[in-house]
Amino acid sequence: MFQKTLAFRIFFTVSLFLIGCFVFLPLLWMINTALKPADKTFTLYFFAGELTLDNIIGILSDKTIMTYLRNSLIVSFLSSFMATLVSSFAAYSFSKFRYRGRKAIMGAFMMSQAFPQAILLLAIYLMMQRFHLLGSYWSLLISYVVFTLPVGTWTLKGYFDGISNSLIESAKIDGAGNLRIMTRIVFPMAIPGMISIAIYGFVWSWNDLLYAMTLVTDPSRRTLAPGLVMTYLGEASTNWAAMMSASIVASIPVTIIFVFLQRYFITGLTSGAVKE
Amino acid sequence: MRKLLSIALVMILSLSLFAGGANESTVADGEGTSIVWAGWSGEEEATRDIFQRMRTTYEEMSGNTVNWVGWTWADTAQQLLIRLQGGEQLDIAQADIGIFNTVAQTGTLADLNEVFGEEWLKENFAEATLAVGQIDGKQLGLPWSMASITMVYNPEILSRAGWDTVPTTIEEFEACMADIAALGEGIIPYGVSTKDDTAAGDLMPWLWTFGTSLFNEDGTVNLGPEAVDTINWYKDMLAKGYIQMDIGRGDARQLFAQGKMAFYDDAVVAKGQAVSAGVDPAEVVNVCSAMPRPVLNEGDESQSTMWGHMLVIFDSSKHKDTAADFAKFLISDEVALEYFEQNGMPPVTNSAANTEEVLNDPYLKGFLDATATAKLDETARMTNASEIKTIVVEELQRTLLGQTTAEECVENMRARLSSAI
């Protein structure tokens with residue numbers, strides 16, 4: 001009833017417009033700046049002046065930036081896969097097994113989210129150094145898995161809670177072991193949830209600046225976020241046009257992944273929210 | 001599911017091959033020594049090539065290896081501390097005046113009097129230049145590039161406002177700002193910082209200009225009656241629209257590069273923003289020139305703040321001699337002058353600083369003139385510099401926003417600074 005009133009429609013349209021402005025204006029501004037010639041970066045016009053693709057072509061033909069892009073893809077895919085795998089096993093354990101300390105460990109998982117990542121940096125740095133992992137992708141992969149684990153585990157636990165125990169019991173009666181039950185019965189039913197965690201892990205590692213800058217200092221292994229910041233945001237000068245162009249290029253992989261998998265992402269996140 | 005998992009596993013195993021790899025090389029290559037040099041300029045677009053050239057030229061000359069480790073300028077202090085705490089190899093680093101004290105307070109820097117020898121340092125540097133790198137009688141920083149943060153102006157805007165020469169006194173400066181405001185082109189006459197740490201940095205030389213300072217030489221709070229005059233002058237400029245709230249150094253640089261600002265305070269690196277905005281490096285001086293800060297009364301000394309980059313060598317380094325050899329190479333005339341030519345970084349050794357090339361550079365001249373009387377930022381040697389600056393900026397902002405009077409501002413600042421030191 002309420003949805004059909006004129007007042008609601010006006011409210012809805014205005015709200016949509018305002019939210020749209022907040023969401024899309026920065027993106028449009030980024031594209032606008034990327035398309036301006038370098039000497040017009042600070043000239044205020046919005047797509048209605050001189051535009052050029054030189055900045056974007058420059059980024060695409062920049063081998064260093066492409067190396068950063070490749071490195072980011074490797075790290076993000078690997079960490080997202082590893083985080084999903086570990087989260088799935090942890091969540092299955094919390095959901096389907098009963099053992100002493102289970103709730104305490106679950107609480108500890110959630111508590112670990114309460115600490116800002118920057119505080120953990122020094123401890124993680126020292127650990128990586130002790131294990132001789134500084135400078136290798138493994139230092140990043142392990143860190144990203146650690147940060148994705150709490151959200152991943154809790155999200156997937158909600159998912160697994162929704163899978164009937166009788167199904168698992170039936171499989172056991174048929175002679176299936178735990179690993180077989182997990183990989184052949186439970187995980188296939190949780191694909192949307194696992195994909196949502198994979199996307200979450202991918203985006204987390206794709207956007208990370210602090211850990212990527214600290215743990216890997218070799219330029220040939222550097223990922224995109226620190227690479228762009230170090231290249232274009234300098235002590236005294238800032239190349240906004242190149243920075244914006246590079247940001248557009250950087251956002252393409254994440255956008256493609258999200259567009260193709262958004263159906264799973266939304267299903268995965270909302271699953272278990274309502275008890276039926 | 002099984003197929004999906006198998007494909008994923010194969011992919012991951014393939015990618016894992018890339019994920020491994022050696023740590024940063026810290027071992028000596030061949031017969032030479034391998035040192036680690038850290039900083040930020042070797043990462044930046046404008047200086048990356050010349051830093052690479054510095055390293056390779058030195059490596060070819062000496063047979064040693066220089067491994068560069070870089071971060072962003074803003075993160076360098078934090079990253080140096082993390083690396084030091086981790087005990088990673090670190091031999092020599094680039095440090096600007098702003099972070100020098102933070103790094104020095106860790107007690108990890110080598111006394112360069114011992115590394116280079118006091119005599120050698122005195123032979124090659126002016127005493128005032130060396131003093132910038134001294135803490136508690138130790139020479140912890142080797143000057144590399146130095147000038148000052150002074151006022152920068154746009155000659156074209158001044159010319160349009162009818163000013164062919166720069167204002168030299170505050171009275172003239174106010175008249176000039178009035179003429180610029182009268183142009184009606186939406187130009188902000190003066191982009192003095194009114195937010196973040198840079199607002200405190202900009203206030204200090206004006207306090208000195210009016211005849212006072214934040215602290216006395218013994219470290220107690222000064223803020224004499226002239227501080228009230230300074231704050232009232234800021235308020236007056238704001239009321240007349242000569243300055244604006246919510247302007248930081250970054251904002252001022254951008255607005256200046258757009259031609260929307262006539263004056264602001266900056267270091268010699270101001271050139272970089274102008275060049276990034278499309279100005280021909282040779283033409284920068286036409287739109288971005290340094291000038292002496294106007295004085296209160298004719299004959300007063302113009303005030304500016306010391307700015308610069310130093311080289312520091314770490315006490316924990318096992319290759320101090322090689323690091324020192326590399327530092328000498330970096331400040332050598334040939335390398336320093338090339339750095340100056342390419343990036344405008346003023347050399348500091350007696351021999352390089354006195355070459356015709358440096359002395360007659362029209363862009364650098366204003367900065368070098370101002371450097372003659374430049375002072376260190378009053379918080380440069382304080383361990384809680386950030387807290388001190390925050391107090392100054394908060395009280396200044398409250399007054400500019402009309403929440404307190406200039407007298408209350410100075411009283412509050414005095415009380416809070418006294419508690420903080």
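What percentage of the 421 residues of chain B count as buried? In this predicted model, the figure is 45%.

**Figure 1. Overall view of chain B, with its 21 helices and 10 strands.** The C-alpha atoms fill a box of roughly 70 × 70 × 50 Å along the principal axes. A compact globule of 421 residues would have a radius of gyration near 22 Å, and the 24 Å of chain B agrees with this. Among contacts in chain B with a separation of 6 or more, 70% come from residues 24 or more positions apart.

**Figure 2. Close-up of helix α21 of chain B, residues 406–420.** The helix has 15 residues. From its first C-alpha to its last it reaches 21 Å, close to the 21 Å expected at 1.5 Å a residue.

**Figure 3. Close-up of the buried side of α21(B).** The buried residues here are B:A406, B:C409, B:V410, B:M413 and B:L417. They cover an arc of only 90 degrees around the axis, so they lie on the same side of α21(B). An α-helix has 3.6 residues a turn, and therefore residues three or four places apart point the same way.

**Figure 4. Close-up of the face of α21(B) turned away from its buried side.** This face carries B:S418 and B:S419, both of which are exposed.

**Figure 5. Close-up of the packing of α21(B) against other helices of chain B.** Which helices do the buried residues of α21(B) pack against? Their partners are α11, spanning 225–239, and α20, spanning 385–400. The buried residues that take part in this view belong to α21(B) and include B:V410 and B:M413.

How values were computed
Residues numbered from 1 in each chain as written. Chains lettered and ligands numbered in written order. Predicted model: local features only at pLDDT ≥ 70, side-chain atom pairs only at ≥ 80, totals over all residues. Helix = DSSP H or I, 4+ residues; strand = E, 2+ residues; numbered from the N terminus. Rg over C-alpha atoms; globule rule 2.2 N^0.38 Å. Buried ≥ 20, exposed ≤ 12 C-beta atoms within 10 Å, placed from the backbone. Contact = placed C-beta atoms within 7 Å. Expected span 1.5 Å × (residues − 1). Arc of directions from axis to C-beta.
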